[in-house]
Amino acid sequence: MPKILTRERLVPNIHLLEVHAPEVARKCRPGQFVIIMPDERGERIPLSIADWDAERGSVTSAVLVVGTTTRKLAALKAGDEVPVFVGPLGRPSEIGTFGTVVLAAGCFGIGALWPAARALKAAGNRVVALLDAKADYLLYWKDRYRSVCDRVIISSRDHVHASKEFVNRHLEDVLKAEAPVARVIAVGCTYLMYASAQATKPHGIKTIVSLNPIMVDGTGMCGACRCTAAGRTKFACVDGPDFDGHEVDWDELFMRRKSYFEDEIRSLCHWEENELP
Ligand SMILES: Cc1cc2nc3c(=O)[nH]c(=O)nc-3n(C[C@H](O)[C@H](O)[C@H](O)COP(=O)(O)OP(=O)(O)OC[C@H]3O[C@@H](n4cnc5c(N)ncnc54)[C@H](O)[C@@H]3O)c2cc1C
Ligand code: FES
């Protein structure tokens, strides 16, 4: 079974998880994800691939703790094994020479966008990263981004970085300062991606988002990740996760993500009361 090589806390609610999975590590491309199950009685969840090392045979993700499964992952230790680790899944992100590309990343998206940042810079783009968090102490990998990006802008709402604006406000400033911007790629919570797509729409700038509907099998069979883009039904696991943010039916996505909200709360309460190690 795949072994945990590293599990460390990056910031209070985000953990880095490095798994030994040589077969997966050999094939990873930016924008792809894995499906992981923390224990035999657990649930399968998708995690974006934040980094990989084909020689070490390892695949790394940034895990934002939100419910039972992510709490279980955050409690793993080096040497623990996970029964399911499948990937790489999903279509890789489009990497080309576009011109100026702005990356808008928040929470686990800061990890998830790192492979694309690196690849876009290597492909000759001017890469501007906009890293967003509620507060500065929740930001990680700033130095990694500074090492490859032409410009890194920090957005937090705690006044540490002069402004307490949300990412879409910063995005509007960046689009003016960096004009012409060829494309924007936004990855993180659904609201960040929605707000980024709304900010770029009046400017007609292509905006790619990495959709995060609930997923189960990750292979297009179960239908859990159904979403609508350009008026057509899509399965985010096989048709995405990248989509044109101006074509996504956001109301449907927000609604479907809440489908199991009450069960998720029950599951978390049960786990905390009965199984928390
Ligand atoms: C392609 C893809 C890539 C992803 N990459 C990452 C990643 O790199 N790191 C990471 O931490 N998370 C990632 N997610 C989200 C992650 O899969 C969910 O946060 C996870 O399934 C939650 O499981 P849980 O049992 O901890 O919480 P649950 O009990 O299932 O949910 C708790 C709360 O989280 C919300 N939630 C549930 N499912 C999702 C979801 N799929 N996306 C966002 N919020 C959700 C619920 O609305 C609820 O409010 C990704 C999702 C997708 C589809
Ligand atoms: S997760 Fe089952 S169809 Fe996409």
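**Salt bridges in the predicted model**

Asp-132 is buried, with a relative accessible area of 5%. The structure is a predicted model, and the description below concerns its salt bridges. The partner of Asp-132 is Arg-157, and the closest N and O atoms of this salt bridge lie 3.0 Å apart. The two residues belong to distant parts of the chain, with their positions 25 residues apart: Asp-132 is in strand β9 (residues 126-133), and Arg-157 is in the loop between β10 (151-156) and α6 (167-177). Arg-157 has a relative accessibility of 28% and therefore counts as partly exposed, whereas Asp-132, at 5%, falls in the buried class.

In total, the structure contains 17 salt bridges. One of them joins the side chains of Arg-71 and Glu-272, at an N to O distance of 3.4 Å. This pair also connects distant parts of the chain, since Arg-71 is in helix α2 (residues 68-74) and Glu-272 is in helix α10 (residues 261-275), 201 residues apart. Arg-71 is partly exposed, its relative accessible area being 26%. Glu-272 is likewise partly exposed, with a value of 39%.

A further salt bridge is formed by Asp-136 and Lys-142, for which the closest N and O atoms are 3.1 Å apart. Asp-136 and Lys-142 are both buried, so each has a relative accessible area under 20%.

Salt bridges also occur as a network, in which Asp-51, Arg-118 and Arg-144 are linked.

Conventions
Residues numbered from 1 in each chain as written. Chains lettered and ligands numbered in written order. Predicted model: local features only at pLDDT ≥ 70, side-chain atom pairs only at ≥ 80, totals over all residues. Heavy atoms only, no water. Salt bridge = Lys/Arg side-chain N within 4 Å of Asp/Glu carboxyl O. Helix = DSSP H or I, 4+ residues; strand = E, 2+ residues; numbered from the N terminus. Buried < 20%, exposed > 50% of the residue type's maximum accessible area, 1.4 Å probe, protein only.
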